[in-house]
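User: I would like a close look at one helix of this model, with its setting in the chain described alongside. Please keep the reading careful.

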Amino acid sequence: MRMLRWMCGCTRRDRIKNEAIRDRVGVASVKDKMRESRLRWFGLVKRKSIDAPVRRCERLVLESLRRGRSRPKKYWGEVIREDMALLQLTEDMTLNRRVRRSSIKSDNGGYMRDNDGNKSDKGGY
């Protein structure tokens with residue numbers, strides 16, 4: 001975030017929100033980028049053969065695992081299901097690369113925005 005502020009010529013003293021800085025620079029949030037990478041990995045795993053080690057771990061069932069009294073941890077499959085529901089994807093869509101890439105790509109324009117909200121390609125990624 002410090003680098004983005006530096007690119008905009010802002011400091012913390014200016015008291016500008018992080019979302020406004022990200023919008024101005026054209027960078028997606030970390031949460032969106034994490035979701036994008038998880039769904040990309042999910043597509044890769046689903047395209048592998050059933051005998052691949054990654055797919056065998058998917059079918060692994062831990063029967064004698066004793067969990068603590070605290071809140072249960074989320075499994076990878078649960079997080080993927082939530083991500084797919086948020087983006088309205090199905091498992092069949094993950095097998096088609098063109099559909100998957102266009103639907104999971106987080107929006108980061110790559111243009112720096114001036115104070116009026118207009119795009120300019122000066123200094124942006």
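The request concerns helix H2, residues 18-25. Which residues of helix H2 are buried, and how are they placed around the axis of H2?

Analyst: This is a predicted model, in which local features need pLDDT of at least 70 and side-chain atom pairs count only at pLDDT 80 or more, while totals for chains, interfaces and linings use all residues. Residues are numbered from 1 along each chain as its sequence is written, and side-chain values use heavy atoms, with hydrogens and water left out.

In helix H2 (helices being DSSP runs of H or I with at least four residues, numbered from the N terminus), the buried residues are Ile21, Arg24 and Val25, where buried means under 20% relative accessible area with a 1.4 Å probe, protein chains only. Viewed down the axis of H2, these buried residues fall within an arc of 90°, so they line one face of the helix; the arc is that of the directions from the helix axis to the C-beta atoms. An α-helix has 3.6 residues a turn, so residues three or four places apart point the same way. Just after H2, Gly26 adopts a positive phi of about 90°.

As for the setting, the protein chain holds seven helices and two strands (strands being DSSP runs of E with at least two residues), and their order from the N terminus is α-α-α-α-α-α-α-β-β. Of its 125 residues, 22% count as buried. The chain averages a pLDDT (the predictor's confidence in each residue, from 0 to 100) of 78, and 80% of the residues score at least 70.

Terms used
Buried < 20%, exposed > 50% of the residue type's maximum accessible area, 1.4 Å probe, protein only.
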